[in-house]
Amino acid sequence: MKQTVFRLLKGFLPFYLFTFLPLAGNASTTLPISGKVIPADHPSIQYIGRICFDNPRQPRFTFPGVQINARFTGTSLKMMAKPQSGYFMVRIDEAEPFKVAFRGERDSVATLATALPKGEHLVRVMYIIEGYELKPDFRGFVLDKGADLLDAPALPERRIEFIGNSITCGYGNESIEKTDPFEYETENHYYTYAQLTARNLEAVAHVVARSGIGVYRSYDGPKTGTPDNVMTTEYEYTNLYDRSERWDFARYQPHVVCINLGTNDLSTNNYDVKLLKQAYKRFLKQVRGHNPQAKIVYLCGSMLVDKELEIAKKTLDEVVEEAHKDGDKDVYRFDFTPQTGDLYYGASWHPSVYQHQKMAGELTAYLRTLMEWF
């Protein structure tokens with residue numbers, strides 16, 4: 001049995017990771033459904049992130065960080081999704097968040113809350129893993145008979161987009177064994193530097209991220225690059241590895257875009273720095289073209305070390321300097337503190353939840369000053 005966060009009850013992970021809503025749970029069930037069914041296309045359901053609505057009653061998504069929010073009345077709440085959609089984090093009102101699993105072949109309904117006080121409540125649901133293999137979709141809520149949805153909650157005005165790789169996804173952050181392999185059970189995007197920073201700054205966040213992806217060369221790819229499997233390709237689409245819908249960038253215009261790519265490009269000592277720099281520059285123009293008013297920040301870290309870390313920093317410094325010379329003054333650089341193991345490692349040497357907390361603290365402070373978000 002792999003070591004996950006749930007094996008640390010006597011260890012050192014934050015208490016909030018184990019504090020579940022007293023009157024809520026993550027038990028899944030199947031039909032028949034008792035209660036008032038609220039379909040996924042109900043106008044009072046609020047969606048955040050890259051989501052395809054080609055079937056409005058089964059909106060589908062693959063990127064972590066997709067959110068589904070709603071205000072409702074009644075004393076209970078269930079959620080419906082495609083069986084084997086994967087893992088979600090759920091928060092009811094101001095209680096502690098908890099994880100919900102749709103993993104079984106027939107699991108299509110999960111109970112999120114029972115015996116709530118009568119009155120109005122707010123549910124916030126976030127998809128917390130990479131869904132390009134599972135192809136999840138959301139199918140609505142189930143309320144008490146006689147209960148209903150209320151107007152959707154107001155969203156924060158501040159908007160961020162995070163573009164990244166496994167670090168941004170949260171690969172292995174709920175594991176404490178650096179030798180553990182990738183498992184959906186130990187990936188939790190809710191506790192990544194990206195979402196922690198967004199919550200710290202009271203901002204909305206869209207996420208475009210996938211483990212192993214690079215800007216010119218994905219993990220262990222040929223020195224010449226992997227043009228069909230890099231972020232410059234995937235950034236254009238609503239869902240990862242799905243060419244059925246191009247993303248409409250008018251649907252979401254961030255105030256700041258944070259790009260954390262390069263770790264995979266510089267992996268396995270089979271890279272070309274010249275090609276990396278060219279790709280960084282092309283991608284900057286690509287992101288700028290879709291987000292003309294945003295500030296763009298190239299991030300570095302926290303997994304790179306030694307020679308590769310210096311290459312990444314030097315290359316990004318040059319890209320930003322050249323962008324400024326070409327007239328784009330709203331491009332910036334930020335370096336995370338490299339991880340050393342003092343805050344433990346997640347699976348496959350990835351940042352632990354503690355390392356993500358440190359990263360979030362650093363990025364929050366930087367963006368607060370850059371954006372004047374005080």
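This report walks through ring pairs, charged contacts and backbone details in a predicted model.

## Aromatic pairs

Let's start with the rings. The model holds 20 aromatic pairs. One of them joins Phe-138 and Phe-141 in an edge-to-face arrangement, with 5.1 Å from centre to centre and 65 degrees between the planes. Phe-138 and Phe-141 are both buried.

A second pair brings Tyr-344 and Tyr-354 together, and here the planes meet at 45 degrees with the centres 6.3 Å apart, so this pair is tilted. Tyr-344 belongs to the loop between β17 (331-335) and α6 (353-371), whereas Tyr-354 is in helix α6 itself, so the contact ties together parts that are ten residues apart in sequence. The two rings also differ in their surroundings: Tyr-344 is partly exposed, at 36% relative accessible area, while Tyr-354 has 18% and is buried. The cut-off explains that last label, because buried means under 20% relative accessible area.

## A ring cluster and helix α2

Ring pairs can also be followed from residue to residue. Phe-162, Tyr-193, Phe-334, Phe-336 and Tyr-366 are linked in this way into a cluster. One member, Tyr-193, is also among the buried residues of helix α2.

Helix α2 spans residues 193-200 and is mostly covered, with six of its eight residues buried. Which residues of α2 are buried? They are Tyr-193, Ala-194, Gln-195, Leu-196, Thr-197 and Ala-198. Have a look just past the end of α2 as well, where Glu-202 adopts a positive phi of about 55 degrees.

## Charges over rings

Two arginines are worth a look for how they meet a tyrosine ring. Arg-199 places its charged end over the ring of Tyr-190, at 3.9 Å from the ring centre. In the other case, the ring of Tyr-237 has the charged end of Arg-243 over it, 4.6 Å from the centre.

## Salt bridges

Side chains of opposite charge can pair when their charged atoms come close. Across the whole structure, the search finds 22 salt bridges. One of these connects Arg-91 to Glu-94, with 3.5 Å from N to O. Arg-91 is partly exposed at 23% relative accessibility, whereas Glu-94, at 58%, counts as exposed.

Another salt bridge runs from Arg-333 to Asp-335, whose closest N and O atoms are 2.8 Å apart. Is Arg-333 buried or exposed? Arg-333 counts as buried, with 16% relative accessibility. Its partner Asp-335 is partly exposed, at 33%.

## A charged network across two helices

Salt bridges with shared partners bring Lys-277, Lys-281, Lys-314, Glu-318 and Glu-322 into one network. Within this group, Lys-281 and Glu-322 form a salt bridge in which the closest N and O atoms are 2.6 Å apart. Lys-281 sits in helix α4 (residues 273-290) and Glu-322 in helix α5 (residues 306-325), so their pairing ties together parts that are 41 residues apart in sequence.

How accessible are the two partners? Lys-281 is partly exposed, with 31% relative accessibility. Glu-322 is likewise partly exposed, at 23%.

## Backbone details in the loops

Finally, a few spots along the backbone invite a second look. The peptide bond leading from Gly-301 to Ser-302 is cis, and its omega is near 15 degrees. Ser-302 is placed in the loop between β16 (295-300) and α5.

Positive phi values turn up in loop residues too. Ala-115, a residue other than glycine, has a positive phi near 55 degrees; you will find Ala-115 in the loop between β8 (109-113) and β9 (120-127). Where does Ser-348 lie? Its place is in the loop between β17 and α6, and phi of Ser-348 is positive as well, near 55 degrees. Ser-348 is partly exposed, with a relative accessible area of 25%. The loop between β17 and α6 is also home to Tyr-344, the partner of Tyr-354 in the tilted ring pair described above.

Conventions
Residues numbered from 1 in each chain as written. Predicted model: local features only at pLDDT ≥ 70, side-chain atom pairs only at ≥ 80, totals over all residues. Heavy atoms only, no water. Phe/Tyr/Trp six-rings, centres within 6.5 Å; stacked < 30°, edge-to-face > 60°. Buried < 20%, exposed > 50% of the residue type's maximum accessible area, 1.4 Å probe, protein only. Helix = DSSP H or I, 4+ residues; strand = E, 2+ residues; numbered from the N terminus. Lys NZ or Arg CZ within 6 Å of the ring centre and 35° of its normal. Salt bridge = Lys/Arg side-chain N within 4 Å of Asp/Glu carboxyl O.
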